[in-house]
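Colleague: Got a minute to walk me through this model before I head back to the bench?
Modeller: Sure, let's pull it up and go through it together.

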Amino acid sequence: MRAGNCQCRRSGFTLIELLVTIAVAVILATVAVPGFQQRMASNRMASDYNAMLVGLNYARAEAIKRRIEVSFEVTEVQPWRYEVYYGPSGQGLRVNEGRDERTFSEEVKVVFNSLGRAPDCPCEILLKDSSGRVGDRQININSLGRVWGGAG
């Protein structure tokens, strides 16, 4: 090798290559983040909706099993919170609440009699999303105590 004739190759990235890579990453992130937020809101609504359905069905099953009136009551609106209880002193059976203030419901009370019926119904519970990313979900209870739901 001669002193002035070195054929060494340097490895690495040029500044232009790095800037192009960062620009592509930023573009992909701006496209992906709103879709991800939509998916998270949808999953949160589905989870809270299912928790309400489980609570209502639990209250009905306990009324039939214990042969007494059992109440399901949404006591707080945002975040929603429900209580399942029986008796005049409000003997608690179950309490559940939403994870945060992004889903909320109106206050409502459903009483299931010893046969699992809800004589004060038909009733509906509307579960709403405060972010506005997903639609509201509605839970219906008829006078026979049947609980079902759908979109609001």
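**Salt bridges, sheet and helix**

Modeller: Keep in mind that this is a predicted model. A good place to begin is the salt bridge in which the side chains of Arg-81 and Glu-97 meet, at 3.4 Å from N to O.

Colleague: Which strands hold Arg-81 and Glu-97, and how many residues apart in sequence are the parts they tie together?
Modeller: Side chains of opposite charge can pair when their charged atoms come close. Here Arg-81 belongs to strand β2 and Glu-97 to strand β3, so the pair ties together parts of the chain that are apart in sequence by 16 residues.

Colleague: Is Arg-81 buried, partly exposed or exposed? And what about Glu-97?
Modeller: Buried means under 20% relative accessible area, and exposed means over 50%. Arg-81 comes out at 22%, and Glu-97 at 43%. So Arg-81 counts as partly exposed, and Glu-97 also counts as partly exposed.

Colleague: Which residues do salt bridges with shared partners join into one network?
Modeller: The structure holds six salt bridges. Lys-65 bridges to Glu-62, with the closest N and O atoms 3.1 Å apart, and Arg-66 bridges to Glu-62 as well, at 2.6 Å. Through shared partners, the network joins Glu-62, Lys-65 and Arg-66.

Colleague: What separation along helix α1 do Arg-66 and Glu-62 have, counted in turns?
Modeller: Lys-65 and Glu-62 both lie in helix α1, three residues apart, which is about one turn. Arg-66 and Glu-62 are four residues apart in that helix, so their separation is about one helical turn.

Colleague: Within that network, is Glu-62 buried or exposed?
Modeller: Lys-65 counts as exposed because its relative accessibility is 58%. Arg-66, at 34%, counts as partly exposed. Glu-62 has a relative accessible area of 7%, so Glu-62 is buried.

Colleague: On to the sheet. In what order do the strands come, and which are the edge strands?
Modeller: Four strands form an open, antiparallel sheet in the order β3-β2-β1-β5. Each edge strand pairs on one side only, and the edge strands are β3 (91-97) and β5 (108-112).

Colleague: How many bridges link β1 and β5?
Modeller: Strand β1 covers residues 70-76 and pairs with β5 in the antiparallel sense. Along this pairing, Glu-73 stands opposite Lys-109 in β5. The count of bridges between β1 and β5 is five.

Colleague: How many of the residues of β5 are buried?
Modeller: β5 is an edge strand of the sheet, pairing on one side only. Even so, β5 is mostly covered, and of its five residues the number buried is four.

Colleague: At what angle does α1 run to β1?
Modeller: Helix α1 spans residues 15-66. It lies across β1, β2 (81-86), β3 and β5, and its angle to β1 is about 150°.

Colleague: Is Phe-72 buried or exposed?
Modeller: Phe-72 sits in strand β1. Leaving aside neighbours within four places in sequence, its contacts include Met-52, Leu-56, Val-84, Val-110 and Ile-125. Its relative accessible area is 0%, so Phe-72 is buried.

Colleague: What distance separates the C-alpha atoms of Phe-72 and Phe-112?
Modeller: Phe-112 is among the residues that Phe-72 contacts beyond its sequence neighbours. The two are 40 residues apart along the chain, and their C-alpha atoms are separated by 8.0 Å.

Colleague: Which residues are joined by a cis peptide bond?
Modeller: Look in the loop between β1 and β2, where Pro-79 is found. The omega angle there is about -5°, and the cis bond joins Gln-78 and Pro-79.

Colleague: What is phi of Arg-67 near?
Modeller: Arg-67 sits in the loop between α1 and β1. It is exposed, because its relative accessible area is 55%. Its phi is positive, in a residue other than glycine, and is near 60°.

Colleague: Last one: which residues form the nonpolar patch on the surface?
Modeller: Val-20, one of its members, is in helix α1. Val-20 counts as partly exposed because its relative accessibility is 48%. Together the patch has about 390 Å² of accessible area, and its residues are Ile-16, Val-20, Val-24 and Leu-28.

Terms used
Residues numbered from 1 in each chain as written. Predicted model: local features only at pLDDT ≥ 70, side-chain atom pairs only at ≥ 80, totals over all residues. Heavy atoms only, no water. Patch = residues over 30% accessible without salt bridge, like charges linked within 9 Å, V, L, I, M, F, W, Y side chains within 5 Å. Areas by Shrake-Rupley, 256 points an atom, 1.4 Å probe, with all protein chains shown as cover. Salt bridge = Lys/Arg side-chain N within 4 Å of Asp/Glu carboxyl O. Helix = DSSP H or I, 4+ residues; strand = E, 2+ residues; numbered from the N terminus. Buried < 20%, exposed > 50% of the residue type's maximum accessible area, 1.4 Å probe, protein only. Pairing = 2+ DSSP bridges. Contact = heavy atoms within 4.5 Å. Axes fitted to C-alpha atoms, helices over the stretch in contact; angles between N-to-C directions.
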